[in-house]
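Here is a short briefing on one protein chain. Please keep the sequence and the 3D view open while you read.

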Amino acid sequence: MTADGTRSLRVNGDQVEVDLGGATPLAEVLRDALGLRATKLACRRGECGACTVLVGERPVMSCVTPVALVDQPVTTLEGLAEEIADVRAEFADRGAFQCGFCTPGQLVHIAALLSRSSETLSDEDLAESIRAQLSGNICRCTGYQAITAAVCAVVWRREADEMESR
Ligand code: FES
Ligand code: FES
């Protein structure tokens, strides 16, 4: 933070200046100062995962992350929209959400999972890794079955596309 109280952040590829205090949670900066409202605020105490964004490559709960501690680029769901267009479509096709309040945080976690998974897993291990990745994202509406099935379908399709392109 500078002497005048501003903070410089890289968000979704853009360098932005925000003039909120360093103790302000990252989620509030994203939503209120930058208008990136895909990031949801629910519990506001690090328990539900609705506010998850990427800091660097790492999913973090932005409601309990003071903006002063953010020292890597931030990516919100808006910045991941194209990269996970197939996941969003699969969620819609399979009814993997109802109210959708938890969905942005889940999609950010899924983006992190997809970006680091290179080895081919058995169906069971893949489902397990998806469940583990989403263990901090609380959904009160759906079961996790449709969500897991949607992500599995994306992984299998991406693998098939990659095989075909070799
Ligand atoms: S709103 Fe951040 S974890 Fe619930
Ligand atoms: S779809 Fe409503 S909380 Fe998850």
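Helices and strands here are DSSP runs, numbered from the N terminus; a helix needs at least four residues and a strand at least two. With that naming, Thr 39 sits in the loop between helix H1 (26–33) and strand E3 (52–55). The model is predicted. The protein chain has six helices and five strands.

**Overall build**

- Read from the N terminus, the order of elements is β-β-α-β-β-β-α-α-α-α-α.
- The radius of gyration of the protein chain is 17 Å, which agrees with the value near 15 Å for a compact globule of 166 residues.
- Along the principal axes, the C-alpha atoms fill a box of roughly 55 × 40 × 25 Å.
- Of the 166 residues, 44% count as buried.
- Take the contacts between residues at least 6 apart in sequence: 56% of them join residues at least 24 apart.

**Surface and charge**

- The protein chain has an accessible surface of about 8,900 Å².
- Carbon and sulfur atoms account for 49% of that surface.
- The chain carries 16 positive and 24 negative charges.
- The mean positions of these two sets of charges lie 6 Å apart.

**The loop between H1 and E3**

- Thr 39 counts as buried because its relative accessibility is 2%, and the cut-off for buried is under 20%.
- Beyond residues up to four places away in sequence, Thr 39 touches Leu 30, Arg 31, Cys 51, Val 53, Ser 62 and Thr 76.
- One of these partners, Val 53, falls within the residue range of E3 (52–55).
- Arg 44 is found in this loop between H1 and E3 as well.
- Arg 44 is not a glycine, yet it has a positive phi of about 60 degrees.

**The loop between E1 and E2**

- Asn 12 lies in the loop between strand E1 (7–11) and strand E2 (14–18).
- Its phi is near 50 degrees, a positive value in a residue other than glycine.
- Asn 12 has a relative accessible area of 25%, so it is partly exposed.

**Helix H4**

- H4 has 14 residues and reaches 20 Å from its first C-alpha to its last.
- That span is close to the 20 Å expected at 1.5 Å a residue.
- H4 is mostly covered, with twelve of its 14 residues buried.
- The buried residues of H4 include Leu 107, His 109, Ile 110 and Leu 113.
- The buried residues of H4 pack against E3, strand E4 (58–61), helix H2 (77–80), H3, H5 and H6.
- Thr 103 belongs to H4.
- Thr 103 has a relative accessible area of 8%, so it is buried.
- Apart from neighbours within four places in sequence, Thr 103 is in contact with Phe 91 and Phe 97.

**Helix H6**

- H6 covers residues 145–165, which makes 21 residues.
- From first C-alpha to last, H6 reaches 30 Å, close to the 30 Å expected at 1.5 Å a residue.
- Its buried residues are Ile 147, Thr 148, Ala 150, Val 151, Cys 152, Ala 153, Val 154 and Val 155.
- These buried residues pack against helix H3 (85–94), helix H4 (103–116) and helix H5 (123–133).
- An α-helix has 3.6 residues a turn, so residues three or four places apart point the same way.

**Two residues of H6**

- Is Val 151 buried or exposed? Val 151 counts as buried because its relative accessibility is 1%.
- Val 151 has its place in helix H6.
- Outside its neighbours within four places in sequence, Val 151 is in contact with Phe 91, Ile 110, Leu 113 and Ile 130.
- Val 151 and Leu 107 are 44 residues apart along the chain, and their C-alpha atoms are separated by 9.7 Å.
- Arg 158 is placed in helix H6 too.
- Arg 158 counts as partly exposed because its relative accessibility is 29%.
- Which residues does Arg 158 contact, leaving aside its neighbours within four places in sequence? They are Glu 83, Ile 84, Asp 86, Val 87 and Leu 114.
- Arg 158 and Glu 17 are 141 residues apart in sequence. In space, they are 37 Å apart, C-alpha to C-alpha.

Note on methods: Residues are numbered from 1 along each chain as its sequence is written. Chains are lettered from A and ligands numbered from 1 in the order in which they are written. This is a predicted model: local features need pLDDT of at least 70, side-chain atom pairs count only at pLDDT 80 or more; totals for chains, interfaces and linings use all residues. Side-chain values use heavy atoms; hydrogens and water are left out. The radius of gyration is taken over C-alpha atoms; the globule rule is 2.2 Å times the number of residues to the power 0.38. Buried means under 20% relative accessible area, exposed over 50%, partly exposed in between (1.4 Å probe, protein chains only). Contact means heavy atoms within 4.5 Å. Accessible areas come from the Shrake-Rupley method with a 1.4 Å probe; for residues, only the protein chains shown count as cover. Lys and Arg count as positive and Asp and Glu as negative; His and the chain ends are not counted. The place of a charge is taken as NZ of Lys, CZ of Arg, CG of Asp or CD of Glu. The expected span of a helix is 1.5 Å times one less than its number of residues.
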